[in-house]
Amino acid sequence: MDSLKIIIADDNVSSRTLLCHFIHLLPQYKIVGEAASGEDFVQLVLKEKPDIVLVDINMPDLNGMEAVKLCKQLLPTLQVIFITGYDEFAVEAFEISATDYIVKPIERTRLFNALEKARRLIQLSNQTNLSIKAKNKRLGIKSQNSILFLPMEDILFAEKENRKTVVHTSHERYETTETLNEIENKLDDYFFKTHRSYIVNLEKIVKIEPAGETYLAYFIDSNKFAYISKLKINEVQRKILNIHKIK
């Protein structure tokens, strides 16, 4: 993950200076701006689109609470950490989904814990978005006189069969005149050419068994199988392990 962008909003210069000092100790965060009023803060957020904001509540022009409400309308995933001398706004802060609420004086450990909480929430949000995008991805293939759009997550494998390519899901098979190489170029990274005639969805493999001079891959919720050449078996195993480590 790249450095997370932070904006600090506080009309107290000493508080901003202390926050900057603490944050500069952490290389995973980058301060992209400071504001001394609510209005300046909103303008800065619109310009920089930060990941995290550290906001005082009692500021001139527009208080921090109202400023954050405006920003959250435009950046719903914005992680907000209130840092203030008042504890009576805590309930309202969490009603607008604040990540944390720190009452001054500012303690380094308390700040670092709040930033780590925000970082984890951002990471989780990014992973969720990637998962949604992956689920929405489809493979377009020419089949007879039409084009089919198959969800990639449903595909078990594709195989070369005579002059055709057959794409397999758990319960269906779809024939196309496109070559196996053409299909391979459209697929995501979790598909791998395990054999000169097979491209396999590594995320769907549940078992690999030797079969003479080659290997057979079996899949989730299916009695179908695909071939893995003995030249590719070690690489297949490494890739499957890496996929599960990432997850």
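Strand S3 (residues 52-55) and strand S4 run parallel and are joined by four bridges. One facing pair in this stretch is Ile-52 with Gln-79 of S4. The model is a predicted one, and the two strands belong to an open sheet of five strands with parallel pairing. A second open sheet, also of five strands, has antiparallel pairing. The notes below take the chain as a whole, then each sheet, then a pocket and some single residues.

**The chain as a whole**

- The protein chain holds seven helices and 15 strands.
- Its C-alpha trace spans about 75 × 40 × 30 Å along the principal axes.
- The radius of gyration of the protein chain is 26 Å, whereas a compact globule of 247 residues would have a value near 18 Å.
- Of the 247 residues, 44% count as buried.
- Gly-85 and Ala-217 give a sense of distance within the chain: they are 62 Å apart in space, C-alpha to C-alpha, and 132 residues apart in sequence.

**The parallel sheet**

- Strands of a sheet pair through backbone hydrogen bonds, and the pairing is either parallel or antiparallel.
- The order of strands in the parallel sheet is S2-S1-S3-S4-S5.
- Strand S2 (29-35) and S5 each have a single partner strand, so one side of each is left without a neighbour in the sheet.
- On average, neighbouring strands of this sheet are turned by 20° against each other, direction ignored.
- Past the end of strand S4 (79-84), Gly-85 lies in the loop that leads to helix H4 (90-95).
- Gly-85 has a relative accessible area of 48%; it counts as partly exposed because this value falls between the cut-offs of 20% for buried and 50% for exposed.

**The antiparallel sheet**

- The order of strands in this sheet is S10-S9-S8-S12-S11.
- Its edges are strand S10 (173-176) and strand S11 (191-195); each has a single partner strand, so one side of each lacks a neighbour in the sheet.
- Neighbouring strands here are turned by 20° against each other on average, direction ignored.
- Strand S8 (residues 155-161) and strand S9 (residues 164-169) run antiparallel, and six bridges join them.
- Within this pairing, Glu-159 stands opposite Val-166 in S9.
- S8 is also joined to strand S12 (residues 198-201), by three bridges, and these two strands run antiparallel as well.
- Phe-157 has a bridge partner in each of two strands: His-168 in S9 and Val-200 in S12.
- Five of the seven residues of S8 are buried, so this strand is largely enclosed by the rest of the structure.

**The hairpin turn at Asn-162**

- S8 and S9 form a hairpin with two residues between the strands.
- Asn-162 is found in the loop between S8 and S9.
- The phi angle of Asn-162 is near 55°, which is a positive value in a residue other than glycine.
- Asn-162 counts as exposed, with a relative accessibility of 69%, while S8 is largely enclosed by the rest of the structure.

**Other backbone features in loops**

- Asp-221 lies in the loop between strand S14 (214-219) and strand S15 (225-229).
- For Asp-221, phi is near 55°, a positive value in a residue other than glycine.
- Asp-221 counts as exposed because its relative accessibility of 65% is over the 50% cut-off.
- The peptide bond from Lys-104 to Pro-105 is cis, with omega near 10°.
- Pro-105 lies in the loop between strand S5 (100-103) and H5.

**The second largest pocket**

- About 180 Å³ of space lies in the second largest pocket.
- Its lining is made of 11 residues, and those nearest its centre are Thr-77, Leu-78, Gln-79, Ile-122 and Ser-125.
- Gln-79 also appears in the parallel sheet, where it is the residue of S4 that Ile-52 stands opposite.
- Helix H5 (residues 108-136) gives the most to the lining of this pocket, with five residues.
- By class, the lining has five nonpolar, five polar and one charged residues.

Key: Residues are numbered from 1 along each chain as its sequence is written. This is a predicted model: local features need pLDDT of at least 70, side-chain atom pairs count only at pLDDT 80 or more; totals for chains, interfaces and linings use all residues. Side-chain values use heavy atoms; hydrogens and water are left out. On a 1 Å grid over the protein atoms alone, a cavity is a set of points where a 1.4 Å probe fits but cannot get out, and a pocket is an open set with protein on both sides within 12 Å along at least five of seven lines; lining residues have an atom within 4 Å of a point. Grid points are joined across faces, edges and corners, and a volume is the space filled by probe spheres set on the points. Ala, Val, Leu, Ile, Met, Phe, Trp, Tyr, Cys and Pro count as nonpolar, Asp, Glu, Lys and Arg as charged, and the others, Gly among them, as polar. Two strands pair if DSSP finds at least two bridges between them. Axes are lines fitted to C-alpha atoms, for helices over the stretch in contact, and angles run from 0 to 180 degrees between N-to-C directions. The radius of gyration is taken over C-alpha atoms; the globule rule is 2.2 Å times the number of residues to the power 0.38. Buried means under 20% relative accessible area, exposed over 50%, partly exposed in between (1.4 Å probe, protein chains only).
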